[in-house]
Amino acid sequence: VRLTESGRGLVQTGGSLRLSCTASGRTSRDRAMGWFRQAPGKEREFVAGVDWSDFDTAYGDSVKGRFAISGDDAKSTVSLQMNALTPEDTAVYYCTAGISIPALYFGSWGQGTQVTVSS
C-alpha cells in the first residue's frame with residue numbers, strides 16, 4: 001500500500017489545519033486507516049484511526065475533542081481535521097493503513113508531513 005499525505009503547514013496556537021491522505025494499492029484486508037505523529041526526541045504516538053468495516057473511530061488521549069478523522073473508504077482517503085492546535089502538536093504526521101485500528105502501527109506508512117504550531 002502506498003500512502004501519500006498532504007496538508008503540511010505552519011499555524012499559530014489555537015489555529016486549525018487539515019491533513020489528507022490517499023492510499024493506492026489498498027486491499028480488502030486493509031480495513032483501517034489512521035494517523036500517527038512523532039515529535040523531535042519522542043516516540044511515535046497514535047493520533048486517530050478509523051475502521052471502515054464498522055466506521056469505528058479511535059483517538060489518542062492528547063487529541064480527543066480537538067481532532068477529527070474522516071474519509072472515504074471507496075476512495076481510500078482519510079483526513080484529519082486538527083483544531084485548537086498547540087505547540088505540543090508540532091510533529092511529523094504519518095498516515096497509516098492496516099488490518100485494524102490496533103494493528104495500524106504494523107501496517108503501511110506514508111512518508112510523513114510536517115506540522116508546526118508556533119506559540
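**Aromatic rings, a disulfide and the strands around them**

At a relative accessibility of 6%, Phe36 counts as buried, since the cut-off for that class is under 20% relative accessible area. This value, like every other one discussed here, is computed from a predicted model.

Phe36 is a useful entry point to the aromatic side chains, for which a search of the whole structure finds 7 pairs. In one of these pairs Phe36 meets Tyr105 in an edge-to-face arrangement, with 5.8 Å from centre to centre and 65° between the planes. Because Phe36 lies in strand β4 (residues 32-38) while Tyr105 lies in the loop between β9 (91-98) and β10 (108-109), the pair ties together parts that are 69 residues apart in sequence. Whereas Phe36 is buried at 6% relative accessibility, Tyr105 has a relative accessibility of 44% and therefore counts as partly exposed.

A second edge-to-face pair is formed by Trp52 and Phe55, whose rings are 6.3 Å apart from centre to centre, with 80° between their planes. Here Trp52 is buried, with a relative accessible area of 8%, but Phe55 is exposed, with a relative accessible area of 60%. Phe55 is found in the loop between β5 (45-51) and β6 (56-59), and its backbone deserves attention as well, for it has a positive phi of about 60° although it is not a glycine. Another positive phi in a residue other than glycine occurs at Ala84, where the value is near 50°. Ala84 has its place in the loop between β8 and β9, and it counts as partly exposed because its relative accessible area is 39%.

Returning to Phe36, one finds that ring pairs link it with Phe46, Tyr94, Tyr105, Phe106 and Trp109 into a cluster. Two members of this cluster also have a charged group over their rings, and in both cases Arg44 supplies it: the charged end of Arg44 sits over the ring of Tyr94, 4.1 Å from its centre, and also over the ring of Trp109, 4.4 Å from its centre.

The strand that holds Phe36 can be considered next. In β4, 6 of the 7 residues are buried, so the strand is largely enclosed by the rest of the structure. It runs antiparallel to β5, to which it is joined by 6 bridges, and Ala32 stands opposite Asp51 of β5. The hairpin of β4 and β5 has 6 residues between the strands, and in this hairpin Gly41 takes a positive phi near 75°. Strand β4 is also joined to β9 by 7 bridges, again with the two strands running antiparallel; in that pairing, the bridge partner of Trp35 is Cys95 of β9.

Cys95 leads from the strand pairing to the covalent cross-link. A disulfide is a covalent bond between the sulfur atoms of two cysteines. The count in this structure comes to 1 disulfide, formed by Cys21 and Cys95 with their sulfur atoms 2.1 Å apart. The torsion about the S-S bond is about -85°, which means that the disulfide is left-handed. Since Cys21 lies in strand β3 (residues 17-24) and Cys95 in strand β9, the pair ties together parts that are 74 residues apart in sequence. Both ends count as buried, because Cys21 has a relative accessible area of 2% and Cys95 has a relative accessibility of 0%.

The surroundings of Cys21 draw on several stretches of the chain. Not counting residues up to four places away in sequence, Cys21 touches Leu3, Thr4, Glu5, Met33, Trp35, Ser76, Thr77, Val78 and Cys95. For Leu3, which is 18 residues from Cys21 along the chain, the separation of the two C-alpha atoms is 6.6 Å. Trp35, which is among the residues that Cys21 touches, is also the residue whose bridge partner in β9 is Cys95.

Ser76, another residue touched by Cys21, lies in the loop between β7 (67-72) and β8 (77-82). Despite this loop position, Ser76 is buried, with a relative accessible area of 11%. Leaving aside its neighbours within four places in sequence, it is in contact with Cys21, Thr22, Ala23, Arg26 and Met33. With Arg26 there is a more specific interaction, in that a polar contact of 2.9 Å joins the side chains of Ser76 and Arg26. Met33 appears in the contacts of Ser76 and likewise among the residues that Cys21 touches.

Methods. Residues numbered from 1 in each chain as written. Predicted model: local features only at pLDDT ≥ 70, side-chain atom pairs only at ≥ 80, totals over all residues. Heavy atoms only, no water. Phe/Tyr/Trp six-rings, centres within 6.5 Å; stacked < 30°, edge-to-face > 60°. Helix = DSSP H or I, 4+ residues; strand = E, 2+ residues; numbered from the N terminus. Buried < 20%, exposed > 50% of the residue type's maximum accessible area, 1.4 Å probe, protein only. Lys NZ or Arg CZ within 6 Å of the ring centre and 35° of its normal. Polar contact = N/O pair within 3.5 Å; in protein donor to acceptor, adjacent residues only side chain to side chain. Contact = heavy atoms within 4.5 Å. Disulfide = S-S within 2.5 Å. Pairing = 2+ DSSP bridges.
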